[in-house]
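Got the viewer open? Let's take a walk around this one, one selection at a time.

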Amino acid sequence: GAYSESASIEAFAAAGVDEIQARGFHTFEDVFVALSKGAIDYAVLPVENTLGGSIHVNYDLLLRFHGAVHILGEYTLRVRHT
């Protein structure tokens, strides 16, 4: 998503990690595949959006990849459109 990189930087900084290597993927499914195969260690993905509601595709992918990927935390990114 458009704000996932910002959320990644802020979430890991809040956990005491000063530097991350952000990597883009074409689809959310590509992220889940990379996680399940060990190509990446962590991912930050949206599951809710105050304007658009639930990101249903990611809930579906969590079910599909159950046991292969795990939720480790939650981070709320405040987005202001000015």
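Start by colouring the lining of the second largest pocket by residue type: you should get 13 nonpolar, 7 polar and 4 charged residues. In that split Ala, Val, Leu, Ile, Met, Phe, Trp, Tyr, Cys and Pro count as nonpolar, Asp, Glu, Lys and Arg as charged, and the others, Gly among them, as polar.

Before you go further, keep in mind that this is a predicted model, where local features need pLDDT of at least 70 and side-chain atom pairs count only at pLDDT 80 or more, while totals for chains, interfaces and linings use all residues. Residues are numbered from 1 along each chain as its sequence is written, and side-chain values use heavy atoms, with hydrogens and water left out.

**Second largest pocket**

Stay where you are and select Ser8, Ala22, Arg23, Tyr42 and Ala43, which lie nearest the centre of this pocket among its 24 lining residues. Two elements, α1 and α2, give two or more residues to the lining of the second largest pocket, and α1 has the largest share with 4. Its volume is about 630 Å³.

What counts as a pocket here? On a 1 Å grid over the protein atoms alone, a pocket is an open set of points where a 1.4 Å probe fits, with protein on both sides within 12 Å along at least five of seven lines; lining residues have an atom within 4 Å of a point, and a cavity is a set from which the probe cannot get out. Grid points are joined across faces, edges and corners, and a volume is the space filled by probe spheres set on the points. Helices (H or I, at least four residues) and strands (E, at least two) are DSSP runs, numbered from the N terminus.

**Largest pocket**

Now select Val44, Leu45, Pro46, Val47 and Tyr75: of the 37 residues lining the largest pocket, these are the closest to its centre. The volume of the largest pocket is about 1,400 Å³. Show α1 (4-14), α2, β1 (48-49) and α3 as cartoon, since each supplies at least two residues of this lining. The largest share, 5 residues, comes from α1. Colour by type again and the lining of the largest pocket comes out as 25 nonpolar, 9 polar and 3 charged.

While you're here, click on serine 4, in helix α1. Is serine 4 buried or exposed? It counts as buried, at 14% relative accessibility; the cut-offs are under 20% relative accessible area for buried, over 50% for exposed, and partly exposed in between (1.4 Å probe, protein chains only). Leaving aside neighbours within four places in sequence, serine 4 is in contact (heavy atoms within 4.5 Å) with Val44 and Pro46.

**Aromatic pairs**

Next, show the aromatic side chains and look for 2 aromatic pairs. Rings of Phe, Tyr and Trp (its six-membered ring) pair if their centres lie within 6.5 Å; planes under 30 degrees apart count as stacked, over 60 as edge-to-face and the rest as tilted.

Select phenylalanine 12 and tyrosine 42: the ring centres are 5.8 Å apart and the planes sit at 65°, so this pair is edge-to-face. Phenylalanine 12 is in helix α1 and tyrosine 42 in the loop between α2 and β1, so the pair ties together parts 30 residues apart in sequence. Phenylalanine 12 is partly exposed at 22% relative accessibility, whereas tyrosine 42 is exposed at 52%.

Then go to phenylalanine 32 and phenylalanine 65, with ring centres 5.6 Å apart and planes at 35°, so that pair is tilted. It links distant parts of the chain, 33 residues apart: phenylalanine 32 in helix α2 and phenylalanine 65 in the segment after α3. Phenylalanine 32 is buried at 2% relative accessible area, and phenylalanine 65 is buried at 11%.

**Salt bridge**

How many salt bridges are there to find? The count is 1, taking a salt bridge as a side-chain nitrogen of Lys or Arg within 4 Å of a carboxyl oxygen of Asp or Glu. Select glutamate 29 and arginine 64, whose side chains meet at 2.5 Å, N to O. Glutamate 29 belongs to helix α2 (residues 28-37) and arginine 64 to helix α3 (residues 56-64), with their positions 35 residues apart. Glutamate 29 is partly exposed at 33%, and arginine 64 is exposed at 52%.

**Last stop**

Finish in the loop between α1 and α2 with glycine 24, which is exposed at 69% relative accessibility. Draw a C-alpha to C-alpha distance from glycine 24 to glutamate 5 and you'll get 8.4 Å, for residues 19 apart in sequence.
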